[in-house]
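User: I have a chain open in the viewer and would like to go through it with you before I get back to the bench. Could you take me through it piece by piece?
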Amino acid sequence: AVSAAPRPSSMAAAAAPAPPAAVVEPTAEQQGYMDSMRNVASMLEQAASGEVQKKQAREGARAADLLDEAIRAGKVSDSADKQIGELAVAVGKYDFGGALQVQAALVATDWSSLRDFLKTTKHFLTAAKRKMEDASRG
């Protein structure tokens with residue numbers, strides 16, 4: 001006679017999944033950084049004269065979203081946080097050249113953990129700087 005005994009399920013033998021990593025909530029100051037970037041992006045989008053400029057302006061909001069993700073994932077070191085604060089202050093003052101200098105310093109020190117944020121931020125800042133230069137000429 002063939003035994004009809006149940007076979008052990010491989011699913012039952014699998015280890016339980018690891019608990020999710022703790023989410024780090026942004027501080028009020030970090031939220032301010034993101035708000036500043038979103039506000040400037042919104043103003044630039046409203047002032048944009050074409051679809052390409054609007055898309056470039058929206059990169060600022062996307063950069064803020066990527067920063068939010070990095071903060072919540074615990075990828076922002078204390079030194080990077082300080083530099084991001086400097087970047088946000090420069091953006092708030094429409095000093096896009098200064099913000100690009102801070103962005104370049106962050107690339108040198110925090111590229112591996114903040115790559116997506118830094119790439120998107122560079123596109124946004126470059127477009128914003130160009131828009132401000134065009135506005136001052138015209």
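Analyst: Let me fix one term to begin with: two residues are in contact when they have heavy atoms within 4.5 Å of each other. Used that way on this predicted model, the word gives a first view of the fold, since among contacts between residues at least 6 apart in sequence, 69% join residues at least 24 apart.

User: OK, and how many helices and strands are there in the chain?
Analyst: The chain has five helices and zero strands, so read from the N terminus its elements simply run α-α-α-α-α, as helices and strands are assigned here from DSSP runs.

User: Where is confidence lowest, and where is it highest?
Analyst: Helix α1, residues 10–13, has the lowest confidence with a mean of 50, whereas α4 has the highest at 95. For the chain as a whole the mean pLDDT is 86, and 84% of the residues reach 70 or more.

User: Which residues have the most contacts inside the largest nonpolar core?
Analyst: That core has 31 residues, and the ones with the most contacts inside it are L67, V76, I84, L87, F117 and L125. At least two core residues come from each of α2 (28–47), α3 (51–72), α4 (78–92) and α5 (96–137), and the largest share, eleven residues, is supplied by α5.

User: Let me pick L87 from that list. Is L87 buried or exposed?
Analyst: L87, which lies in helix α4, counts as buried because its relative accessible area is 0%, and the cut-off for buried is under 20%.

User: And what is L87 in contact with, leaving aside its neighbours within four places in sequence?
Analyst: With those neighbours set aside, L87 is in contact with M37, A99, V102, Q103, L106, T121 and L125. As a separate distance, the C-alpha atoms of L87 and L100 are 7.8 Å apart, although the two residues are separated by 13 places in sequence.

User: Changing topic, which side chain of opposite charge is nearest to D81?
Analyst: The nearest one is K82, 10 Å away, and D81 is buried yet has no salt bridge. D81 is found in helix α4, and apart from neighbours within four places in sequence it is in contact with Q30, Y33 and V76.

User: Last one, what does the chain's surface consist of, and how much of the chain is buried?
Analyst: The chain exposes about 8700 Å², with carbon and sulfur atoms supplying 55% of that area, and 34% of its 138 residues count as buried.

Conventions:
Residues numbered from 1 in each chain as written. Predicted model: local features only at pLDDT ≥ 70, side-chain atom pairs only at ≥ 80, totals over all residues. Heavy atoms only, no water. Core = buried A, V, L, I, M, F, W, Y, C linked by side-chain atoms within 4.5 Å. Buried < 20%, exposed > 50% of the residue type's maximum accessible area, 1.4 Å probe, protein only. Helix = DSSP H or I, 4+ residues; strand = E, 2+ residues; numbered from the N terminus. Lys, Arg positive; Asp, Glu negative; His and termini not counted. Salt bridge = Lys/Arg side-chain N within 4 Å of Asp/Glu carboxyl O. pLDDT = per-residue confidence, 0-100. Areas by Shrake-Rupley, 256 points an atom, 1.4 Å probe, with all protein chains shown as cover.
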